[in-house]
Amino acid sequence: MTEATTLILVLPDRDAAEEVAGEVTERFPLPSEPRLVREALAGEDDAEDAQWLVVLEPAPATLDVAALAALAEAHEGWLERS
């Protein structure tokens, strides 16, 4: 990563998102706290059918993207860039 961008860790539930946000805050130097966002899946009205996002914005260019992806995967999630 050569410039600041937005990184989004997509996780299956709120507990996983809160745990990952805490780990990210402890392990990586961030300019601001990660934001937790609930994202309902398209066409689903049930609260159970939601993903939780840990949004890192702006994400410094120095962040270890591979480590963030591994952290998300360890919690049954994945990493996206936007």
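**Close-up 1. A negative surface patch in the predicted model.** In this predicted model, Asp13, Asp15, Glu19 and Glu76 together form a negative patch on the surface. Of these residues, Glu76 lies in the loop that runs between helix H2 (65-74) and strand E4 (78-81), and with a relative accessible area of 68% Glu76 is classed as exposed, because the cut-off for that class is over 50%.

**Close-up 2. The salt bridge between Arg14 and Glu18 in helix H1.** The side chains of Arg14 and Glu18 form a salt bridge with an N to O distance of 2.7 Å. Both residues belong to helix H1 (residues 14-27), and because they are 4 residues apart there, about one helical turn separates them. Arg14 is partly exposed at 43% relative accessibility, and Glu18 is likewise partly exposed, at 36%.

**Close-up 3. The salt bridge between Arg35 and Glu57.** In this pair, which is one of 2 salt bridges counted in the model, the closest N and O atoms of Arg35 and Glu57 are 3.4 Å apart. The pair connects distant parts of the chain, with Arg35 in strand E2 (residues 35-40) and Glu57 in strand E3 (residues 50-59), 22 residues apart. Arg35 is partly exposed at 44% relative accessibility, and Glu57 is partly exposed with a relative accessible area of 44%.

**Close-up 4. The surroundings of Ala67 in helix H2.** Ala67, which is placed in helix H2, has a relative accessible area of 17% and is therefore classed as buried, the cut-off being under 20%. Leaving aside residues up to four places away in sequence, Ala67 touches Arg27 and Phe28. The C-alpha atoms of Ala67 and Val24 are 9.8 Å apart in space, while the two residues are 43 residues apart in sequence.

Conventions: Residues numbered from 1 in each chain as written. Predicted model: local features only at pLDDT ≥ 70, side-chain atom pairs only at ≥ 80, totals over all residues. Heavy atoms only, no water. Patch = residues over 30% accessible without salt bridge, like charges linked within 9 Å, V, L, I, M, F, W, Y side chains within 5 Å. Areas by Shrake-Rupley, 256 points an atom, 1.4 Å probe, with all protein chains shown as cover. Salt bridge = Lys/Arg side-chain N within 4 Å of Asp/Glu carboxyl O. Lys, Arg positive; Asp, Glu negative; His and termini not counted. Charge placed at Lys NZ, Arg CZ, Asp CG, Glu CD. Helix = DSSP H or I, 4+ residues; strand = E, 2+ residues; numbered from the N terminus. Buried < 20%, exposed > 50% of the residue type's maximum accessible area, 1.4 Å probe, protein only. Contact = heavy atoms within 4.5 Å.
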